[in-house]
Every structure is written in structure tokens, then in C-alpha cells.
Amino acid sequence: MASYRSQLDPYGALSEADPQETGAGTGGGATLPGAASGREAARRGLALVRAYAREDAAGVAAALDGADPAAARQLPSVTGDILRLVVGIVLSAPRTLTPSDVVRTADAIAAAGPPHHELAVSQAVRAWAAGDDTGLRGWGEDGTACAHGAAVLAAALAVGAWGREAFLGLLETFDEVAGACGQP
């Protein structure tokens, strides 16, 4: 999974560059491939999606608790990557999943998250299901809410299309592959 550097902190303000996570001194401002924060963000992003798929409130909290600030800034990008991957696969298969199926599944899954994100995530999923881009625009302004929203939508689509156990098995296989490639 790619490592991304957000120029915005979780509250939407420009953040200071972290010299260990950027190409400072090398003429670049991009995140170094394989940087520790990128690996942590990938691990935490997968853990967040997995916890939502399991409807595991303790797992949702654990996926985010104590995250390094640089990794926390990358979580929306990581969960967004997972969401794009799931959407691409789901949309390439025969359509058996309806938007209302996704909304129902997302409502159940979102209940595992923090109460202050549950309503916003549910509203964002409804906007997505209705094809309402304006309902999604405010979602990305809060990095943490964006990470929760993308994780819930990815889990809801995957669980709805493939079933909970199949999706969890896929995530387990991905963890094994990432581990074999040196991703902690």
C-alpha cells in the first residue's frame, strides 16, 4: 500500500513537515517509500476496516489509539485506497448489491464506531448511495471522520457483496502477503 503525506492536519490546517517522513534535504517533500509512518498507517487502516467488518467497537478504538501523528494524517488516504480497491472489484462483478443493501449494512457497521462519527458516516454513505456528491464534500474535511467513513463504506460494500467471513479471509491473506514483503 502506498504511503501518503497529507498537507493538512486532522483539523484541516496546514501542518509542519516532519523531516523524518519527507525528503527534506533531498529536494523533495514527498513521503519516503516504506517510511515507518506509512507502514503504521497501512497497518492501522487495515485494522480499522477489519474492526468495522467485524462490528468490533474495541477493535475500532484500538486501530486508532496511540497512532503516531504522521500515521494518523495518512489514515484517510489508506482507508480511501482500500475503499477504491473494494469499489473497483465490486463494480467489476455482476451487480447483486443494491445501494439500499449497502446503506443497511453500513448503518449496522457504523454503530461499532465512535458515537460522534456514527451519524456523519451514515449520512455520507446515504449520500454516496444516492449519488449525491455534495453530501460527501464535507466528509473529507475532518481526517479522522474521513478515515472512519471510508473504512465503513469499504467494509459495508465488501461484506454486502462477498460476506463477512470471505472479506475477513481476504484481509487475513493480505496481512500474510504484506508480512512476507517486510511490512510489519
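Q: Rings of Phe, Tyr and Trp (for Trp, the six-membered ring) form a pair if their centres lie within 6.5 Å; planes under 30 degrees apart count as stacked, over 60 as edge-to-face and the rest as tilted. How many aromatic pairs does a search of the whole structure find?

A: Some ground rules first: this is a predicted model, where local features need pLDDT of at least 70 and side-chain atom pairs count only at pLDDT 80 or more, while totals for chains, interfaces and linings use all residues. Residues are numbered from 1 along each chain as its sequence is written, and side-chain values use heavy atoms, leaving out hydrogens and water. With that settled, the number of aromatic pairs found in the whole structure is one.

Q: What is the angle between the planes of Trp162 and Phe167?

A: A pair of aromatic rings is described by the distance of the centres and the angle of the planes. Trp162 and Phe167 lie 6.1 Å apart, centre to centre, and their pair is tilted. Their surroundings differ in the labels they get (buried is under 20% relative accessible area, exposed over 50%, partly exposed in between, with a 1.4 Å probe and protein chains only): Trp162 is partly exposed at 31%, while Phe167 is buried at 2%. The angle between the planes is 45°.

Q: Which helix gives the most residues to the largest nonpolar core?

A: A nonpolar core is a set of buried Ala, Val, Leu, Ile, Met, Phe, Trp, Tyr and Cys residues joined through side-chain atoms within 4.5 Å. The largest one here holds 39 residues, and Tyr52, Val86, Val125, Val152 and Phe167 have the most contacts inside it. Helices that give it two or more residues include H1 (36-54), H3 (69-92) and H8 (164-180); helices are DSSP runs (H or I, at least four residues; strands are E, at least two), numbered from the N terminus. With 11 residues, the biggest giver is H7.

Q: Which residues does Val125 touch, leaving aside those up to four places away in sequence?

A: Contact here means heavy atoms within 4.5 Å. Val125 is among the residues with the most contacts inside the largest nonpolar core. Its partners beyond four places in sequence are Val102, Val103, Ala106, Val152 and Leu153.

Q: How many salt bridges does a search of the whole structure find?

A: Side chains of opposite charge can pair when their charged atoms come close. The test used is a side-chain nitrogen of Lys or Arg within 4 Å of a carboxyl oxygen of Asp or Glu. Among the hits is Arg44 with Glu40, at 2.7 Å between the closest N and O atoms; both residues are buried, and they sit four residues apart in helix H1, about one helical turn. Over the whole structure, the number of salt bridges is six.

Q: Is Arg84 buried or exposed?

A: Arg84 and Asp81 meet in a salt bridge, 2.7 Å from N to O. They are three residues apart in helix H3, about one turn of the helix. Asp81 counts as buried at 17% relative accessibility. At 53%, Arg84 is exposed.

Q: How many residues apart in sequence are the parts that Asp107 and Arg126 tie together?

A: Asp107 and Arg126 form a salt bridge, with the closest N and O atoms 2.8 Å apart. Asp107 lies in helix H4 and Arg126 in helix H5, so the pair ties together parts whose separation in sequence, in residues, is 19.

Q: With which residue's side chain does the side chain of Ser37 make a polar contact?

A: Ser37 is in helix H1 and is buried, at 2% relative accessibility. A polar contact is a pair of N or O atoms within 3.5 Å; within protein, one must be able to donate a hydrogen and the other to accept it, and residues adjacent in sequence count only if both atoms are side-chain atoms. At 2.8 Å, the partner of Ser37 is Gln74.

Q: What is the phi of Glu55 near?

A: Most residues other than glycine have a negative phi, and most peptide bonds are trans. Glu55 lies in the loop between H1 and H2 and is partly exposed, at 37%. Its phi is positive, near 60°.

Q: In which helix is confidence lowest?

A: Confidence is given by pLDDT, the predictor's value for each residue, from 0 to 100. The protein chain has a mean of 78, with 76% of its residues at 70 or more, while residues 1-33 stay under 50. Confidence is highest in H2, at 94, and lowest, at a mean of 65, in helix H6.
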